[in-house]
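Work through the exercises below with the model open. Each task is followed by a stepwise solution.

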Amino acid sequence: MEYEEVSSPTWVASVAAVDENVLDSALVVGLAEDESGEGRQLVLQCSLREPDDQDQRLGQDTYCVLNETGGIVYGGIEAVTFSPAGISFRFSLAAAEKLALPLPEVIVGIAPEVQVEPFRKELRRVLTYGDPQKVPSLLDF
């Protein structure tokens, strides 16, 4: 597979985690600077069940994004570019503001020892959950 080159990273993840929590009906994927939970992190999640009418009314019929600032937003990612060395997330301006991001693009480098394939597969699953109009452009997935 040919990958588009990802620019210089905003930060580098040494952890790429996947958790399918059946009890809470959630699929969670995350990137973190370190295993202790200190530093930068980006967590994306979706439900394991189809969105219902209430989810649609509340705008929660899509994936959810959280970060280390305590910000949370439903949807809001316009494009994701994946490469073996990193992942670029381009957020809408409104989402970037809710997540207290200095810029709408976050480029997360991936440390060489990180197993990215399980993360990549489940990230795609999270980002394509729910309302098709809220699914970002996925490049090199």
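**Exercise 1.** Find which residues touch the most other members of the largest nonpolar core.

Solution. This is a predicted model: local features need pLDDT of at least 70, side-chain atom pairs count only at pLDDT 80 or more, and totals for chains, interfaces and linings use all residues. Residues are numbered from 1 along each chain as its sequence is written, and side-chain values use heavy atoms, without hydrogens and water.

Step 1. Collect buried (under 20% relative accessible area, 1.4 Å probe, protein chains only) Ala, Val, Leu, Ile, Met, Phe, Trp, Tyr and Cys residues joined through side-chain atoms within 4.5 Å. The largest core has 33 residues.
Step 2. Leu44, Phe89, Phe91 and Leu123 touch the most other members.
Step 3. Assign elements by DSSP runs (helices H or I, at least four residues; strands E, at least two). H3 gives this core its largest share, four residues.

**Exercise 2.** List the contacts of Leu44, leaving aside neighbours within four places in sequence.

Solution. Contact means heavy atoms within 4.5 Å. The partners include Phe89, Leu123, Val126 and Leu127. Leu27, Val28 and Val29 are also among them.

**Exercise 3.** Place H3 (residues 117–127) against the strands.

Solution. Step 1. Its buried residues are Phe119, Arg120, Glu122, Leu123, Val126 and Leu127.
Step 2. These pack against strands including S2 (15–21), S3 (26–32) and S4 (41–47).
Step 3. H3 lies across S2, S3 and S4, at about 125° to S3. Axes are lines fitted to C-alpha atoms, for helices over the stretch in contact; angles run from 0 to 180 degrees between N-to-C directions.

Key: Buried means under 20% relative accessible area, exposed over 50%, partly exposed in between (1.4 Å probe, protein chains only).
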